[in-house]
Amino acid sequence: MSWQREPRANGVAKILITEQELQRRIYELGKELDGHFGDRVPLFVGVLNGAVAFMTDLMRAMTIPVEIDFMATSSYGNSTTSSGVVRIIKDLNQPIDGRHLMVVEDIVDSGLTLRYLLEMLEARNPASITVVALLRKNKPDAVDVQVDFIGFDIPDEFVIGYGLDFAERYRNLPYVAVLDPSTIVDE
Ligand code: IMP
């Protein structure tokens with residue numbers, strides 16, 4: 001049996017959001033965003049690597065014309081807690097002044113990454129910034145940061161799958177699951 005289909009194998013404690021639930025919500029978000037942008041053409045700013053799965057499904061759930069670009073920020077490395085340090089590893093390929101940005105994030109945890117990113121993007125004078133995050137953790141001490149559209153509010157647990165990693169693994173799971181590091185088996 002494939003490890004993807006075995007919820008208790010290799011670090012997957014439990015499935016939090018199924019593939020079907022993800023796809024249903026992303027379809028809804030796509031329709032909401034079509035309405036939000038109307039005849040404006042958004043430039044999607046995908047935050048690598050975590051937002052890749054979400055962004056590619058989200059843009060295909062929309063029917064208005066969109067353009068895409070990517071940025072990469074430093075992640076937590078192999079730890080499951082925020083270092084508070086955010087670094088731009090890859091910048092956008094184009095100027096964004098006058099553009100309507102659609103920032104696509106995988107997850108808002110402490111909010112530090114998003115806050116830093118938004119400050120940096122605002123300084124480049126886009127016409128507008130809209131933020132969509134697939135997941136937002138229920139974290140009382142998170143910083144106050146702009147998020148306009150949210151896929152799911154989730155408990156404050158470390159999650160993997162659908163773009164989200166632990167030590168660069170699990171991004172290809174089609175669902176979002178809670179990590180149980182004690183059950184990880186090295187191959
Ligand atoms: P924040 O700066 O604490 O909001 O976290 C931002 C980034 O940390 C996200 O874009 C993710 O890449 C990563 N991250 C935060 N929480 C998790 C998690 O539960 N699983 C996997 N990655 C996470």
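**Exercise 1. Find how many salt bridges the whole structure holds, and work out what two of them join.**

Step 1. A search of the whole structure, which is a predicted model, finds 13 salt bridges, where a salt bridge is a side-chain nitrogen of Lys or Arg within 4 Å of a carboxyl oxygen of Asp or Glu. In this predicted model, local features need pLDDT of at least 70 and side-chain atom pairs count only at pLDDT 80 or more, while totals for chains, interfaces and linings use all residues. Residues are numbered from 1 along each chain as its sequence is written, and side-chain values use heavy atoms, with hydrogens and water left out.

Step 2. One salt bridge is formed by the side chains of arginine 124 and aspartate 91, at 2.8 Å from N to O. Because arginine 124 lies in the loop between H3 and S6 and aspartate 91 in the loop between S4 and S5, this pair ties together parts that are 33 residues apart in sequence. Helices (H or I, at least four residues) and strands (E, at least two) are DSSP runs, numbered from the N terminus.

Step 3. Another salt bridge, at 3.5 Å from N to O, is made by the side chains of lysine 137 and aspartate 109. Lysine 137 belongs to strand S6 and aspartate 109 to the loop between S5 and H3, so parts 28 residues apart in sequence are tied together.

Step 4. Lysine 137 and aspartate 109 are both buried, whereas arginine 124 is partly exposed, with a relative accessible area of 27%; buried means under 20% relative accessible area, exposed over 50%, and partly exposed in between, with a 1.4 Å probe and protein chains only.

**Exercise 2. Describe the surroundings of glutamate 105, and state which side chain of opposite charge is nearest.**

Step 1. Glutamate 105 has its place in strand S5, which covers residues 100-108.

Step 2. Although glutamate 105 is buried, it has no salt bridge, and the nearest side chain of opposite charge is that of arginine 171, 9.5 Å away; here Lys and Arg count as positive and Asp and Glu as negative, while His and the chain ends are not counted.

Step 3. Arginine 171 does meet glutamate 168 in a salt bridge, at 2.9 Å from N to O.

Step 4. Neighbours within four places in sequence aside, the contacts of glutamate 105 (heavy atoms within 4.5 Å) include Phe54, Val132 and Leu134.

**Exercise 3. Give the order of the strands in the open sheet, and show where helix H2 packs.**

Step 1. The open sheet consists of six strands in the order S4-S3-S2-S5-S6-S7, with mixed pairing; two strands pair if DSSP finds at least two bridges between them.

Step 2. Strand S4 (88-90) and S7 stand at the edges with a single partner strand each, so one side of each has no neighbour in the sheet.

Step 3. S6 and S7 pair in the parallel sense over five bridges, and isoleucine 150 in S7 is the bridge partner of alanine 133.

Step 4. Helix H2 packs on the sheet, where it touches S2, S3, S5 and S6, and its direction makes about 160 degrees with that of S2; axes are lines fitted to C-alpha atoms, for helices over the stretch in contact, and angles run from 0 to 180 degrees between N-to-C directions.

Step 5. The buried residues of H2 (residues 52-60) are Phe54, Met55, Asp57 and Leu58.
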